[in-house]
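Hi,

Here is the structure I said I'd pass along. Have a look at it first, and my notes follow underneath.

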Amino acid sequence: MSKEKWVEIEGHPKYLINNYGEVFSVKTQKALKWNTATGYPRVNLDGKYYTVHQLVAFNFIGPRPDGMFVCHKDDNTMNNYVGNLYYGTPKDNTHDKLVNGKGRKLTDDEVREIKRRLRNGEQGQKIAHDLG
């Protein structure tokens with residue numbers, strides 16, 4: 001693993017971020033806690049939420065090219081180390097998921113089950129969690 005490196009978050013001079021995704025408030029002298037409700041760690045900077053992987057990528061890799069995503073090489077959204085992140089296309093992101101065993105093709109029965117549960121008002125995130 002690489003040595004920890006801290007930089008000021010561009011556009012947010014009251015905050016620092018390191019190459020592992022830890023965010024620190026200069027004002028309070030405390031680390032910010034991640035909100036992981038969406039499955040992607042987020043932090044609140046000056047009243048607005050930002051995903052940690054996007055902050056790490058922007059501040060350590062550079063601006064995101066148009067049409068590109070910030071991808072996790074290992075598909076672990078909690079691993080926001082800069083060496084695990086890269087800018088890629090949606091196709092690159094899907095390929096990573098398949099290679100890492102995160103994506104799979106649904107069976108016809110699973111598709112019917114998903115549609116039925118959505119019609120009954122269930123949330124897509126709950127259905128996805130149940131199906132693995």
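Asn84 sits in the loop that runs between strand E7 (69-72) and E8. Keep in mind that this is a predicted model. Is Asn84 buried or exposed? Its relative accessible area is 7%, under the 20% cut-off, so Asn84 counts as buried. In sequence, Asn84 and His72 are twelve residues apart, yet their C-alpha atoms are 5.6 Å apart in space. If you skip the neighbours within four places in sequence, the contacts of Asn84 are Cys71, His72, Lys73, Asp74, Asn76 and Asn79.

Asn80 belongs to the loop between E7 and E8 as well. With a relative accessibility of 1%, Asn80 is buried. What does the side chain of Asn80 make a polar contact with? The partner is the side chain of His72, at 3.0 Å. So His72 turns up twice here: in contact with Asn84, and joined to Asn80 through that polar contact. Leaving out neighbours within four places in sequence, Asn80 also touches a set of residues that includes Asn19, Tyr20, Gly21, Trp34 and Pro41. Val52, His53, Val56 and Leu85 are among its contacts too.

Now for the core. In soluble globular proteins, nonpolar side chains tend to be buried together. The largest nonpolar core here has 17 residues, and the ones touching the most other members are Ile9, Ile17, Val23, Val43 and Leu45. At least two residues of this core come from each of strand E1 (6-9), strand E2 (12-18), strand E5 (42-45), H1 and strand E8 (85-88). Which element gives the most to this core? That is H1, with four residues. As for Ile9, its contacts beyond four places in sequence are Tyr15, Leu16, Ile17, Val23, Leu45, Leu55 and Asn59.

Last, since you may want to look at pockets: the second largest pocket holds about 150 Å³ of space. Its lining is made of Tyr50, Gln54, Leu55, Ala57, Phe58, Arg64, Val70 and Tyr87. Helix H1 (residues 52-61) gives the most to that lining, again with four residues. By class, the lining has six nonpolar residues, one polar and one charged. Leu55 links two parts of these notes, as it lines this pocket and is in contact with Ile9. H1 does something similar, giving the most to the core and the most to the lining of the second largest pocket.

Cheers

Note on methods. Residues numbered from 1 in each chain as written. Predicted model: local features only at pLDDT ≥ 70, side-chain atom pairs only at ≥ 80, totals over all residues. Heavy atoms only, no water. 1 Å grid on protein atoms, 1.4 Å probe; cavity = no way out; pocket = protein on both sides within 12 Å on 5 of 7 lines; lining within 4 Å. Points joined across faces, edges and corners; volume = space filled by probe spheres on them. Nonpolar A, V, L, I, M, F, W, Y, C, P; charged D, E, K, R; others polar. Core = buried A, V, L, I, M, F, W, Y, C linked by side-chain atoms within 4.5 Å. Buried < 20%, exposed > 50% of the residue type's maximum accessible area, 1.4 Å probe, protein only. Contact = heavy atoms within 4.5 Å. Polar contact = N/O pair within 3.5 Å; in protein donor to acceptor, adjacent residues only side chain to side chain.
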